[in-house]
Protein chains: 2
Amino acid sequence: MRTEPGARPAGTTTRILDVAERLVQTRGHNGFSYADVATELGITRAALHYHYPGKAELGEALVARYADRFAAALAELDVEASGAPAALEGYAELYAEVLSRQRMCLCGMLAAEYMTLPPAMQRGVTAFFEHNAEWLRSVLERGRREGTLAFSGSAADSAAMVLGGLEGAMLITRMNGDVAGFRAAAARLLAGLSISADQIPA
Amino acid sequence: MRTEPGARPAGTTTRILDVAERLVQTRGHNGFSYADVATELGITRAALHYHYPGKAELGEALVARYADRFAAALAELDVEASGAPAALEGYAELYAEVLSRQRMCLCGMLAAEYMTLPPAMQRGVTAFFEHNAEWLRSVLERGRREGTLAFSGSAADSAAMVLGGLEGAMLITRMNGDVAGFRAAAARLLAGLSISADQIPA
DNA sequence: ACTCCTACTTACGTGCAGGTCAGAATACGC
DNA sequence: GCGTATTCTGACCTGCACGTAAGTAGGAGT
């Protein structure tokens, strides 16, 4: 499929993924066609079928690459972040960066279309969120142990809240491109987990 | 269009809306066809075009009815809820009820597909969220004035957080039908706004 | 020089989705 | 018991979306 790992003009396979990814993140999996991708790349639809036999397989590859990248970003946060609160802020910033490119989280988008997705994509999306929730849970538990975070109930519940909160804030603020609004909502979300500091002052 | 306001066998126009609503809430606006609705109702596609000239108009009617119902539910909460915290809990419960029927919020679904929607539907969806955010903002401000809620920053930011948090939690928990998980996440979300009570005890 | 693989293209087929239009059936006032 | 409006059907059209098959251009290896 690929000529070499270091193909200079980016490689058609990768460029297909790049275009398709953007289309899914903006229009959804049911909102774009092979023709859209082909036209944008200046190739034929048949060429797409050569690289990815069908839309289902392209979708699978999309989810897999996105999940890998996200996993890598989380691993980097584990290393770089100086503590649980910083890790959470870094996590929210990952979302803000996606949003600032006028996109929705790929898997958040696919979560909405979940019922219409081929099984392999469903599994990929589910795994993505499970991995994220698990990462958040571990960060939250560490923060509570270390005394840098405080929250009631289980860490898993708060992890689900953070994950859902960021995805949802993204979903809604994307409509009018309000990145600042997203950051404000995300900050408020995380403020509810901090060791009660900035309370009450309006 | 309708024979009478009190048509006993529900009226085709209404039944079309009911079926289409469920399909949008589960599969999205790009995930169902006129044929799906017609088949389920045992009528032809042409009959659908008689009641709603096109998918765009059907979609508009769907958003309008959903927004009206939601607005009525909010007005009822204003009357019935005994205070700001109760109003917020009631608000979250509205979402939980939708989810318990295995559905996503209609407008949350359409928010994902926003870029592919006809302009009139976009306006309807935007108006829905603005109305919800405004309602939440007023509840939050009242709660803060009355001393029943406490939160940092502007009420508008916290309103966006609650709105996004509930939509996002819904989006994600719907995948595995985890209503209990949704309620837990929603409770945690609102706990961050209460006058710091149940902090720290795991 | 020919072979073989990779990366495409051109041409086609199928099915479905949205929409139109001319009527048929039913109910309805009068 | 007759016109009229409402509600729906049958037949059709157009375009697109996904997919397939066969063929070709261009290098890489020997």
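**Figure 1. Surroundings of DNA strand C in the predicted model.** In this predicted model, 19 residues surround DNA strand C. Both protein chains supply the closest ones: Thr12(A), Ala46(A) and Ala47(A), together with Ser33(B) and Gly54(B). On chain A, helix H3 (45-51) gives two or more residues to this surface. On chain B, helix H2 (34-41), helix H3 (45-51) and helix H4 (55-80) each do so. By class, the surface near DNA strand C has ten nonpolar, six polar and three charged residues.

**Figure 2. Surroundings of DNA strand D.** DNA strand D is surrounded by 19 residues. The closest are Ser33(A) and Gly54(A) from chain A, and Thr44(B), Ala46(B) and Ala47(B) from chain B. Helix H2 (34-41), H3 and helix H4 (55-80) of chain A are among the elements giving two or more residues here. H3 of chain B completes that list. The class count for the surface near DNA strand D is ten nonpolar, six polar and three charged residues.

**Figure 3. Chain A as a single unit.** The secondary structure of chain A comes to nine helices and zero strands. Read from the N terminus, its elements run α-α-α-α-α-α-α-α-α. The C-alpha trace of chain A spans about 60 × 35 × 35 Å along its principal axes.

**Figure 4. The two copies and their symmetry.** A turn of 180° and a shift of 0.0 Å along the axis lay chain A on chain B, with an RMSD of 0.0 Å. The two copies are thus related as by a two-fold rotation axis. Of the interface residues of chain A, 100% are also interface residues in chain B, so the copies meet through the same surface.

**Figure 5. The side of chain A that touches chain B.** Here 45 residues of chain A are in contact with 45 residues of chain B. Five helices of chain A each supply at least two residues of this side: helix H1 (12-27), helix H6 (106-112), helix H7 (119-146), helix H8 (155-173) and helix H9 (179-191). H8(A) gives the most, with 13 residues. By class, this side of chain A has 22 nonpolar, 17 polar and six charged residues.

**Figure 6. Close-up of H9(A) against H8(B).** The axis of H9(A) comes within 8 Å of that of helix H8 (residues 155-173) of chain B. The two axes cross at roughly 80°, so H9(A) and H8(B) are roughly perpendicular to each other. From H9(A), the contact residues are Gly181(A), Ala184(A), Ala185(A), Arg188(A) and Leu189(A). H8(B) answers with Asp157(B), Ser158(B), Ala160(B), Met161(B), Gly164(B) and Gly165(B). The contact divides into five nonpolar, four polar and two charged residues.

**Figure 7. Close-up of H5(B) against H7(B), within chain B.** Helix H5 (residues 84-100) of chain B packs on helix H7 (residues 119-146) of chain B at an angle of about 150°. Their axes are 9 Å apart. H5(B) and H7(B) are therefore roughly antiparallel to each other. Their crossing is left-handed. H5(B) makes the contact through Ala84(B), Pro85(B), Ala87(B) and Leu88(B). The partners on H7(B) are Val139(B), Arg142(B), Gly143(B) and Glu146(B). By class, this contact has five nonpolar, one polar and two charged residues.

Note on methods: Residues are numbered from 1 along each chain as its sequence is written. Chains are lettered from A and ligands numbered from 1 in the order in which they are written. This is a predicted model: local features need pLDDT of at least 70, side-chain atom pairs count only at pLDDT 80 or more; totals for chains, interfaces and linings use all residues. A residue is near a molecule or strand if its C-beta atom, placed from the backbone, lies within 6 Å of it. Helices (H or I, at least four residues) and strands (E, at least two) are DSSP runs, numbered from the N terminus. Ala, Val, Leu, Ile, Met, Phe, Trp, Tyr, Cys and Pro count as nonpolar, Asp, Glu, Lys and Arg as charged, and the others, Gly among them, as polar. Axes are lines fitted to C-alpha atoms, for helices over the stretch in contact, and angles run from 0 to 180 degrees between N-to-C directions. Angles under 35 degrees count as roughly parallel, over 145 as roughly antiparallel, 65 to 115 as roughly perpendicular and the rest as oblique. A crossing is left-handed if the near helix is turned anticlockwise from the far one by less than a right angle, and right-handed if clockwise. Two residues are in contact if their C-beta atoms, placed from the backbone, lie within 7 Å. Copies are superposed by least squares on the C-alpha atoms of residues with pLDDT of at least 70 in both.
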